Every structure is written in structure tokens, then in C-alpha cells.
Protein chains: 2
Amino acid sequence: MKIVKTKQEVRDAVSAQRAEGRIIGLVPTMGALHEGHLSLVRAAVEGSDWVVVSIFVNPTQFGEGEDLDRYPRDLEGDAAKCEEIGAHLIFAPNASEMYAGDACTVVRVEGLTEKLCGACRPGHFDGVTTVVNKLLNIVQPDRAWFGRKDYQQLVVIRRMVRDLDMPVEILGGPTVRESDGLALSSRNQYLGDREREVAPKLYEALLQGAGAAREGASGSEVERIVAAKLGEEPLFELQYVQAVEPNSLRPLKSETGPMVIAAAACIGDTRLIDNVVVEE
Amino acid sequence: MKIVKTKQEVRDAVSAQRAEGRIIGLVPTMGALHEGHLSLVRAAVEGSDWVVVSIFVNPTQFGEGEDLDRYPRDLEGDAAKCEEIGAHLIFAPNASEMYAGDACTVVRVEGLTEKLCGACRPGHFDGVTTVVNKLLNIVQPDRAWFGRKDYQQLVVIRRMVRDLDMPVEILGGPTVRESDGLALSSRNQYLGDREREVAPKLYEALLQGAGAAREGASGSEVERIVAAKLGEEPLFELQYVQAVEPNSLRPLKSETGPMVIAAAACIGDTRLIDNVVVEE
């Protein structure tokens, strides 16, 4: 496995593989790889012939005052994990390789990105869609994998790819959890002991909401149930909990049909997100 | 030469050609092809192995009250012209093939699209960049040609392609003019006899500005000269004339260096644009 830092090296390597008829897979990440990412890399190794993992802590998707500077970085450790799983190339550019000084193009998925996490993090999804658009253009994979833990991100990227007719298939991977239910996240390492102890309650609350939904509760009832459950734990500061239609992310129109219950909450300085999809 | 209406047909046809090792060229147009377009198709026939001409009157780049409905359409005539020159495929989708009902993704080149024509036509360039992004993703050409008559459009598209790392080379073709200097435009056919008679004065005024620039006039002096010349003809309603730096489209900082003098003016209901590039 090779680690490259420039777009040209990626393009050359991918071209050579494509000329051999190989199906190219991409797993875009910000590094600090955990089992959630690694499950996507495994899916890519199974679902394509030649796997690129990109590792880039993209500054444009962090807002002012967010954790860009302290976001965990471990390129060597990440590379070792990817190699063990059977990835073929790590693309780890720096910001100046990715962005020209006078870069001014933004890809925006309007209507899907202003709500949920987008409401708490203005500009965040513009940063995500723009960098993912670039990564897809640089690597030109046949398939790319994203985790369902970042549910809104997955929906937004699928929409971008469809709307812009990008020639790539977007695949979602299941959320990987600790044994106590906490969704894996690179940000979990920010949590202090007591914070880590209560963190799984986010998922518990979502599961409780999902149970109520399956028994016929409406979207707004589900939201109240989750919020009430989280309200029991004073360390949580709820940002939002919403039960929405899984593709449009719009409020539910009817009592039946699938929904995703998505929530974001801070514990101290750490922002956690999670979601549960309730099938019909 | 074949005319296809769906993205899938284009993709299949291009894949087959690419598998044969052919270099793919694209000339995106809105149809009503004149010698300006045809010179681009000729350049594409010379500069690539297999040429797609797209013909799509893109509704999202027309503002309210603009000429979307009366914009000239002549698919049969256009196809005959392209075939004669040696193009290989016409892609002529309708709007519902191009845009899903819930399409919501916009590609925006911020900073370059608010000025010049963008100031007169809010949203115009978002429509252009988004549809060109889509066309490039659908056809996946190695090279694509755009006319320099739409100077700002060319600069904006080059910037989009660079910023988003799109794997395509953008080539500009020279403005083709009538014998009296009027830049060819599909909109020239809107002009009445008297309007057509005075229309070449737009280019004359720009040439006069360029002459002054070559003799050392500053950007603002050049703008005044062009505006004054156009002011002599009461049928012209000047929208803007600006002398700007050719890549950033910013006001000129120094007295030396290249400039583009760009202008837009209405004659009656017809909006004309033109530009002259002054090398150092």
C-alpha cells in the first residue's frame, strides 16, 4: 500500500488500475480511523477491486470555534489499519494541495443542508459537498462508501451525485457501535470519564423513540419522547431531535411510512450525533 | 451522426468510444447554431477523436422576464450543420431528462459571478455552472470548447473545473464576427433592421477603448471612452462596460498588464454582449 500526497499521484495510480479493468472504490475520511471507518474500508475491499482511502481533515467544513485544530490526526496509525484490511492507496493531501489560494467554487445542496446538523453548523455541508465533489473528481471511483452514522451527510451526498450526474455509486455503511451502544466517532476521544459514561444515553433515547414510532407514535410524539429521555441527563445539551422522512429529510407528513430519528447533543465541549432509521 | 435524448444513451455511446481509446470532445450549446458555435465544433473535430455537441436551452440560466420562451430552437438544422462538420453525436435532452423534480444542488463560482453579466442577470451563472457541471459529468469528455464571446462564462467555467478538480481540459474559441464586426449570437436574429444596423457599434466602441488602452489609457479611462462612444447612439442602453483583469475579472490594479474590456448593452429588447482582450 502506498501513501500519496498529490492529486497527480492519485490520478496516475488510478489510471493504471483502470487500464487493467479494475473497479475503483473510494472511502473518503478525515482520518483518526475507528471501526466505523474500517467497516467501510472492508466493504470497499469486498465491493471493488482497488481501494483508495482519502484522509483529509477538511478545513472548509469546520465552523469558527469548532474543533479543526484539535481534531485527532494519526496518519501512520491510519495507514497501518488500512493496509491490514487490504486497501491499496492512501490519499493524504494537505490543504494547499486541495485548495488553490483563490478557490471560490462551492457545491451546495440547497434545501437538504439548512436543517438538522446544517442548522447548528452553518456552511458545514457546503464544505462537505465541495470537498467530496473534488475527491470524487480526483479519484474518479466507480463506488464510494459513507457511514450511515452521518445520516444527513449520506443523504446530501447521494443527492449531489444524482443532481450533478456524477458517474459514481454511493453506498452507505451501517453505524458501528461500542458494546454499550455509543456510535463510534473520532470525537469520542474528547469525552472525559463521566461524559463517556453517559454518552450511550443518546442512542438509548433514540431507541426509545424508535420503539414508540413502531407502536404508532407520530413524528412529533417521537421527538418529545427522545428529548424527554435526554433531558433526564443534565450533562446533555440537546441541539436537536427530529423525526424526518428518510430521503427528503422533511417533517413527516403521515403517521405511517419510514422515518429517521436524528439527534445531536453536546456533552461538555463534545458534539455527538446519532440516528435510528425506523422502517415502515 | 446520431441524435440522442437521454443521459444513458450518451454514456453508452461515449463508453464504447473510450473503450476504443478515442479522445472525447464536447461542445456544449443552447442550439440555434451559428458560425461561432460551428467554429467550436470544427476545433473539437480537429482537437479530439469523437465529438459530442450538446443542445439544451437550459431554463435555470434564464431569469424571470428573460427570453427563455422565444429563444430560437432548430434541432434539425443544428444537427445537419454538425453532421456536415463531422461531429459524432448530438445530445439534445429535454428539461425533465436533465433535472429531477426535486433537484436542489447548485454549483456556484463565488466572487467571479456577481460582477459584469452576473450583476445584470442574478442567478444566471449558477444555472450555467450547474448545467455545465452536469454535462461534463454525463459526457465525461477529455476536452470541452467554449466561445470567448461569452468571456465571463469561459473564465467562470475554467475556475469551476480547476476548483472542483474536474478531469477535463477547457478550451476557448475566438469570437466569430459578421463582416461589419458584430459578434455572432443566436440573439442577433431578434434585432430589427435599424437595430441591426447600429449593433456593430458595440464592437467599434470596444475597439476604440482597446486602442486607447494600448496607448496607455487606464482602465477607468478606457471604460469612459467606450461608454461615451456608445452614448452617441440613442438606441443603445448600456448595461455595463468594464476593463478588468482577464483571469480574476477584478478591476485593474496597475496601468500595465493585460485587460479584457467587456460590455453589455440592450438594443430594444435584445441584449448584446461583447469583449476585447488587450494583451500587455
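**Helices 6 and 7, chain A**

I began with the relative orientation of helix 6 of chain A and helix 7 of chain A in this predicted model. I found that their axes come within 10 Å and cross at roughly 50 degrees. I therefore recorded helix 6 of chain A and helix 7 of chain A as oblique to each other. An angle over 145 degrees would have counted as roughly antiparallel, and one from 65 to 115 as roughly perpendicular. I noted the crossing of helix 6 of chain A with helix 7 of chain A as right-handed.

I then listed the residues at this contact. Helix 6 of chain A, which spans residues 124–139, contributes A:Phe125, A:Val128, A:Thr129, A:Val132 and A:Asn133. On the side of helix 7 of chain A, residues 151–163, I found A:Gln153, A:Val156, A:Ile157 and A:Met160. Sorted by class, the contact of helix 6 of chain A with helix 7 of chain A holds 6 nonpolar and 3 polar residues, with no charged residues.

**Helices 9 and 10, chain A**

I next examined helix 9 (residues 201–214) and helix 10 (residues 219–231) of chain A, whose axes come within 8 Å and cross at roughly 150 degrees. I accordingly entered helix 9 of chain A and helix 10 of chain A as roughly antiparallel to each other. The crossing of helix 9 of chain A and helix 10 of chain A is right-handed.

From helix 9 of chain A I noted A:Lys201, A:Leu202, A:Glu204, A:Ala205, A:Leu206, A:Gln208, A:Gly209, A:Ala212 and A:Ala213. These meet A:Glu221, A:Val222, A:Ile225, A:Val226, A:Lys229 and A:Leu230 in helix 10 of chain A. By class, I recorded 9 nonpolar, 2 polar and 4 charged residues for the contact of helix 9 of chain A with helix 10 of chain A.

**The sheet of chain A**

I traced an open sheet of 6 strands in chain A, with the order 1-4-3-2-6-7 and parallel pairing. Strand 1 (2–4) and strand 7 (169–173) of chain A are the edge strands, each pairing on one side only. On average, neighbouring strands of this sheet are turned by 25 degrees against each other, direction ignored.

Within the sheet, I checked strand 3 (residues 50–55) and strand 4 (residues 89–91) of chain A, which pair in the parallel sense over 3 bridges. There A:Ser54 stands opposite A:Phe91 in strand 4 of chain A. I also located helix 2 (residues 35–47) of chain A, which lies across strands 2, 3, 6 and 7 of chain A. Helix 2 of chain A runs at about 170 degrees to strand 2 of chain A.

**Chains A and B**

I superposed chain B on chain A by a rotation of 180 degrees with 0.0 Å of shift along its axis, at an RMSD of 0.0 Å. The two copies are thus related as by a two-fold rotation axis. In chain B, I found the C-alpha nearest the axis to be that of B:Val107, at 2.3 Å.

I recorded 25 residues of chain B in contact with 25 residues of chain A. Strand 5 (105–109), helix 6 (124–139) and helix 7 (151–163) of chain B each give two or more residues to the side that touches chain A. The largest share, 5 residues, comes from strand 5 of chain B. I divided the residues of this side of chain B into 12 nonpolar, 5 polar and 8 charged. Since 100% of the interface residues of chain B are also interface residues in chain A, I concluded that the copies meet through the same surface.

Finally, I inspected strand 5 of chain A and strand 5 of chain B, which pair in the antiparallel sense over 5 bridges. A:Arg108 stands opposite B:Val106 in strand 5 of chain B.

Methods:
Residues are numbered from 1 along each chain as its sequence is written. Chains are lettered from A and ligands numbered from 1 in the order in which they are written. This is a predicted model: local features need pLDDT of at least 70, side-chain atom pairs count only at pLDDT 80 or more; totals for chains, interfaces and linings use all residues. Axes are lines fitted to C-alpha atoms, for helices over the stretch in contact, and angles run from 0 to 180 degrees between N-to-C directions. Helices (H or I, at least four residues) and strands (E, at least two) are DSSP runs, numbered from the N terminus. Angles under 35 degrees count as roughly parallel, over 145 as roughly antiparallel, 65 to 115 as roughly perpendicular and the rest as oblique. A crossing is left-handed if the near helix is turned anticlockwise from the far one by less than a right angle, and right-handed if clockwise. Two residues are in contact if their C-beta atoms, placed from the backbone, lie within 7 Å. Ala, Val, Leu, Ile, Met, Phe, Trp, Tyr, Cys and Pro count as nonpolar, Asp, Glu, Lys and Arg as charged, and the others, Gly among them, as polar. Copies are superposed by least squares on the C-alpha atoms of residues with pLDDT of at least 70 in both. Two strands pair if DSSP finds at least two bridges between them.
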